[in-house]
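Open the structure in your viewer and keep the selection tool ready. This tour tells you what to pick next and what you will find there.

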There are 2 protein chains.
Amino acid sequence: MSGVSTEDNGDGDPRRAIELLWGVPGPPRRGPKPKLTTADVVRTAIALADADTIEAVTVRRVAEQLGVSPMSLYTYVPGRAELLDLMIDHAHGELPVPDPGLGWREALTAIADQLWALFHRHPWLLQVTTSRSALGPHSFAKYEHELRAVEGIGLDDVEMDAAVGLVTGLVRTTARSSLDAARLVRTSGLTDAQWWERAAPVLAGIPAADAAHYPLASRVGQAAGEAHNAAEDPAFIFRFGLARVLDGIETLVSERQQ
Amino acid sequence: MSGVSTEDNGDGDPRRAIELLWGVPGPPRRGPKPKLTTADVVRTAIALADADTIEAVTVRRVAEQLGVSPMSLYTYVPGRAELLDLMIDHAHGELPVPDPGLGWREALTAIADQLWALFHRHPWLLQVTTSRSALGPHSFAKYEHELRAVEGIGLDDVEMDAAVGLVTGLVRTTARSSLDAARLVRTSGLTDAQWWERAAPVLAGIPAADAAHYPLASRVGQAAGEAHNAAEDPAFIFRFGLARVLDGIETLVSERQQ
DNA sequence: CACAACTCTGTACGGCGTACGAAAATCAGG
DNA sequence: CCTGATTTTCGTACGCCGTACAGAGTTGTG
């Protein structure tokens, strides 16, 4: 089974967190030279998350990786939550600046592709939720670039925001389902087919789970499952969704141009 | 700041979990009469999650609510992860059976509206991720109803799956952003405006955070933020996205019909 | 009536984030 | 140079968490 819980922590004074995100140096230095930098901590945390999941990022483990006691991490980062925020912004720094010469459709496609790739490089990005104060320079730049893609095509400000949110939201959900499936295969040691092979007899013994009760779900679910297992196809659902979303935006843009 | 981590646990033998989801009675009863039922545990857990977040659902707390020792919960549920799966399926049981007489557009709209409402009644649904074995009767029925909405409009099986996934994914992301904002206001005790009021001077002191570097992000972000605070407007981004997605599907359907 | 099956519970283990206070290192001012 | 303020680093400890394990009590079956 699964089981995911999503912690959230209060959101008191944003000051220090923002300063960290934007790399403000802080007051003059007196005491002993720091062994590390905040960036060191962020990088090791990302490496741990990349190699495993966001779960692997614990204060104790990050400290161990860095050869330092757990508590000394709190010199560089106010707490685990802020570390996650820093990781998010840092990872978004990998997104390239989009080519300004593209039309809005190509530009949004490029942005979606890059984001899709980023999520596959750093799956933990989909396991963390960000809040207001997580808005660091790279996230800000990402937003700016996304908006640039739809500027001047006839949408007002609120619609521009909604349109880029629609595209990035699509990438999030499709990438998540792609990655969840892959991770599940990895951690359970069972492929989808093997798992169903084991589950099928159990389900078969349950009258209410008869395929006759769920004709469409059975038929379509099987077809989608097989297609999904085709290994080149986890991206199909992404391509399909992106095409629909772009067509939908195009319809709106056409209406506006009349 | 934020901070969310998403646990995942291995996915060993699906048998017991599936049986629980589908309400299989299990072998005959010998020992003392159980004080509770699995459904009791699930209901209490949902009540706790509704009143707070998914974080509030701990084995110890659920047991306390039920007036029972923590360990005795393991009689009714294999572990916390399976409890979350049961909660998810149970909650999806609240979704009504859609009116079969509707056209696909109205049917998908109704489904999206119902799901939007469900997520607002049980925000924790967006804080948990499900896995293969979480497929209980209600989730299955939900899938069946969704597919029914797009049956016979000219899509093949894989496209039908992608289309309903697109709609439900949209609801997930937009509902999440709506709910995250609301929860943040609640837990931080600061409205969005108050938070920015406090953050603004800090940001102003950072050269790199100048609005001149992010002209579109500043302008559009402010407009979107104000619109979002209009209190009737968290749903705008949802309505906008849904309209675009449906238009996009309509374009595909039209092409197919030619 | 004995025994097997089942429920319930207390204790305990290993993990987590992090509060707190002490020790060591560094720099500014005299 | 020395003193004292400042900062980093660290060990210990607290209160959580999920849950393994073993025992005690309860019930139905042979």
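The stops below run from the whole chain to single residues, in a model that is predicted.

**Stop 1: chain A as a whole**

Select chain A and colour by confidence. The average pLDDT of chain A is 88, and 90% of its residues score at least 70. Now pick residues 5–12 of chain A. There the pLDDT is below 50, although the stretch has 31 contacts in the model beyond near neighbours in sequence. Where pLDDT is low, predicted coordinates should not be read in detail.

Switch to a cartoon view. How many helices and strands does chain A have? The count is ten helices and zero strands. Along the sequence, the pattern reads α-α-α-α-α-α-α-α-α-α. Chain A has 258 residues, and 41% of them count as buried. Look at the contacts in chain A with a separation of 6 or more: 71% of them join residues 24 or more positions apart.

**Stop 2: the nonpolar core**

Select A45, M87 and V167 in both chains. A45(A), M87(A), V167(A), A45(B), M87(B) and V167(B) have the most contacts inside the largest nonpolar core. That core has 128 residues. In soluble globular proteins, nonpolar side chains tend to be buried together.

Stay on V167(B). Which residues does V167(B) contact, leaving aside neighbours within four places in sequence? They are L108(B), I111(B), A112(B) and V245(B).

**Stop 3: DNA strand C**

Show DNA strand C with its surroundings. 26 residues surround this strand. The closest come from chains A and B: T58(A), G79(A), G31(B), K35(B) and M71(B). Next, highlight α3 (59–65) and α4 (80–92) of chain A. Each supplies at least two residues of the surface near DNA strand C. α3(A) gives the most, with three residues. Colour the surface by residue type. You should find eleven nonpolar, seven polar and eight charged residues.

**Stop 4: DNA strand D**

Move to DNA strand D. Here 25 residues surround the strand. The closest are G31(A), K35(A), M71(A), T58(B) and G79(B). Highlight α3 (59–66) and α4 (80–92) of chain B, since each supplies at least two residues of the surface near DNA strand D. The largest share, three residues, comes from α3(B). By type, the surface near DNA strand D holds ten nonpolar, seven polar and eight charged residues.

**Stop 5: two helices to check with a ruler**

Select α6 of chain A, residues 137–149. At 1.5 Å a residue, its 13 residues should span 18 Å. The end C-alpha atoms are 19 Å apart, which agrees. Which residues of α6(A) are buried? They are S139(A), F140(A), K142(A), Y143(A), H145(A), E146(A), L147(A), R148(A) and A149(A).

Now take α10 of chain B, residues 236–257. Its 22 residues should span 32 Å at 1.5 Å a residue. The ends are 31 Å apart, C-alpha to C-alpha, which agrees. Among the buried residues of α10(B) are I237(B), F238(B), F240(B), R244(B) and I249(B). V245(B) is buried in α10(B) too, and you met V245(B) as a contact of V167(B).

**Stop 6: three single residues in chain A**

Select A208(A), in the loop between α8 (192–204) and α9 (215–228). Is A208(A) buried or exposed? It counts as exposed, because A208(A) has 12 C-beta neighbours inside 10 Å. Not counting residues up to four places away in sequence, A208(A) touches H213(A), W22(B) and P137(B). Now draw a distance to V171(A). A208(A) and V171(A) are 37 residues apart in sequence and 35 Å apart in space, C-alpha to C-alpha.

Next, go to G152(A), in the loop between α6 and α7 (157–188). G152(A) has 8 C-beta neighbours inside 10 Å, so it counts as exposed. G152(A) and W104(A) are 48 residues apart in sequence, and their C-alpha atoms are 9.3 Å apart.

Finish at D113(A), in helix α5 (residues 104–121). With 15 other C-beta atoms within 10 Å, D113(A) is partly exposed. Draw one last distance, to R239(A). D113(A) and R239(A) are 126 residues apart in sequence and 9.5 Å apart in space, C-alpha to C-alpha.

Notes. Residues are numbered from 1 along each chain as its sequence is written. Chains are lettered from A and ligands numbered from 1 in the order in which they are written. This is a predicted model: local features need pLDDT of at least 70, side-chain atom pairs count only at pLDDT 80 or more; totals for chains, interfaces and linings use all residues. pLDDT is the predictor's confidence in each residue, from 0 to 100. Two residues are in contact if their C-beta atoms, placed from the backbone, lie within 7 Å. A nonpolar core is a set of buried Ala, Val, Leu, Ile, Met, Phe, Trp, Tyr and Cys residues joined through C-beta atoms within 7 Å. A residue is buried if 20 or more other C-beta atoms lie within 10 Å of its own, exposed if 12 or fewer, and partly exposed in between; C-beta atoms are placed from the backbone. A residue is near a molecule or strand if its C-beta atom, placed from the backbone, lies within 6 Å of it. Helices (H or I, at least four residues) and strands (E, at least two) are DSSP runs, numbered from the N terminus. Ala, Val, Leu, Ile, Met, Phe, Trp, Tyr, Cys and Pro count as nonpolar, Asp, Glu, Lys and Arg as charged, and the others, Gly among them, as polar. The expected span of a helix is 1.5 Å times one less than its number of residues.
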